[in-house]
Amino acid sequence: MSVPTSLDVSQARPQLAELAVVDVRTPGEFASGHLPHAVNVPLDRLSRSLHELRQASEAKPLLIVCASGARSENAVATLASHGIPASSLTGGTVAWAAGGHDLHYPGNGTRPRAVWAMERQVRLGAGSLVLLGLVLGLLLHPAFSLLAAAIGGGLVFSALTNTCGMALVLGRLPFNRRGAAASSASS
């Protein structure tokens, strides 16, 4: 069966009931609002879930979702390399909500305090470390400026490889794991 590598909201919405929706954001992001009937398989756990995802793809086409579409594109590529067809939701949950479609929430269905999107967390972390390195380099010792250079190098590497080590580290923090138990059983 041929599966497109991406679907936009207008294509995915009418066939949502026929798709197995997999959200690859962190459990904290997932808890802050996800597509109806989505299951949470964070991107850093995707490789451990290949067997289950292969079985799910045999029953229904997979629609992979994240906040903006970047992580879901990476997930689709990873799945394709293992022979599992899947589509990425172009624009992610941001585009879904912008299209006027409801997001669902684990537990009692009420919207919890929002967790920042991973991209925003990375920008805050990287920017803070660069500023810290520059300030410490000016006030204490010039060698602290190397911290700013290391973060800059990490950002360049991240862009060239389309990976993000800082996002993997931030994804392990407690506020990004919030709701992990409820997220896989959620609607």
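Which strand does Val65 lie in? Val65 belongs to strand β4, which covers residues 62–65, and that strand is a handy place to start a walk through this predicted model.

Before going further, here is the overall picture. The protein has 10 helices and five strands. Of its 187 residues, 37% are buried. Among contacts with a separation of 6 or more, 68% link residues 24 or more positions apart, and several of the residues below give you examples of partners far along the chain. On the outside, the protein exposes about 10,000 Å², with carbon and sulfur atoms supplying 64% of that area.

How far can you trust the coordinates? The mean pLDDT of the protein is 87, and 89% of the residues reach 70 or more. The stretch to watch is residues 180–187, where pLDDT stays under 50. The model does have 16 contacts beyond four places in sequence for that stretch. Still, where pLDDT is low, the predicted coordinates should not be read in detail.

Back to Val65. Is it buried or exposed? Val65 has a relative accessible area of 1%, and anything under 20% counts as buried, so Val65 is a buried residue. Look at what surrounds it: beyond its neighbours within four places in sequence, Val65 is in contact with Val21, Val22, Asp23, Val24 and Arg25, and also with Leu35, Ser72, Leu89 and Thr93. One of these partners, Val22, sits 43 residues away along the chain, yet the two C-alpha atoms are separated by 6.1 Å.

Now move on to helix α4, where you'll find Ala75. What is the relative accessible area of Ala75? The value is 0%, which means that Ala75 is buried. Leaving out residues up to four places away in sequence, Ala75 touches Val24, Leu43, Leu46 and Ile64. Val24 is worth a second look here, because it turned up on the contact list of Val65 and it is on the list of Ala75 too, and Ala75 itself is buried. As for Leu43, it is 32 residues from Ala75 in sequence and 6.7 Å away in space, C-alpha to C-alpha.

Leu43 also takes us to the largest pocket, which has a volume of about 650 Å³. Of the 26 residues that line this pocket, the closest to its centre are Leu43, Arg71, Asn74, Cys164 and Ala167. Which elements give two or more residues to the lining? They are α4 (70–81), α6 (118–139), α7 (145–161) and α8 (165–170). By chemistry, the lining divides into 12 nonpolar, nine polar and five charged residues.

Helix α2 offers another buried residue. Phe30 lies in that helix, and its relative accessibility is 0%, so it counts as buried. The C-alpha atoms of Phe30 and Ala67 are separated by 9.1 Å, with their positions 37 residues apart along the chain.

Past α2, you come to the loop that leads from this helix (27–31) to β3 (39–40), and His37 lies in it. Phi of His37 is near 65 degrees, a positive value in a residue other than glycine. Is His37 buried or exposed? Its relative accessible area is 64%, and since over 50% counts as exposed, His37 is exposed.

The last stop is another loop, the one between α4 and β5 (86–89), which holds Pro85. Pro85 has 36% relative accessibility and therefore counts as partly exposed. Which residues does Pro85 touch, not counting those up to four places away in sequence? They are Val3, Ser57 and Leu62. Leu62 brings you back to strand β4, which spans residues 62–65. Pro61 is 24 residues from Pro85 along the chain, and the C-alpha atoms of this pair are separated by 7.5 Å.

Note on methods. Residues are numbered from 1 along each chain as its sequence is written. This is a predicted model: local features need pLDDT of at least 70, side-chain atom pairs count only at pLDDT 80 or more; totals for chains, interfaces and linings use all residues. Side-chain values use heavy atoms; hydrogens and water are left out. On a 1 Å grid over the protein atoms alone, a cavity is a set of points where a 1.4 Å probe fits but cannot get out, and a pocket is an open set with protein on both sides within 12 Å along at least five of seven lines; lining residues have an atom within 4 Å of a point. Grid points are joined across faces, edges and corners, and a volume is the space filled by probe spheres set on the points. Helices (H or I, at least four residues) and strands (E, at least two) are DSSP runs, numbered from the N terminus. Ala, Val, Leu, Ile, Met, Phe, Trp, Tyr, Cys and Pro count as nonpolar, Asp, Glu, Lys and Arg as charged, and the others, Gly among them, as polar. pLDDT is the predictor's confidence in each residue, from 0 to 100. Contact means heavy atoms within 4.5 Å. Buried means under 20% relative accessible area, exposed over 50%, partly exposed in between (1.4 Å probe, protein chains only). Accessible areas come from the Shrake-Rupley method with a 1.4 Å probe; for residues, only the protein chains shown count as cover.
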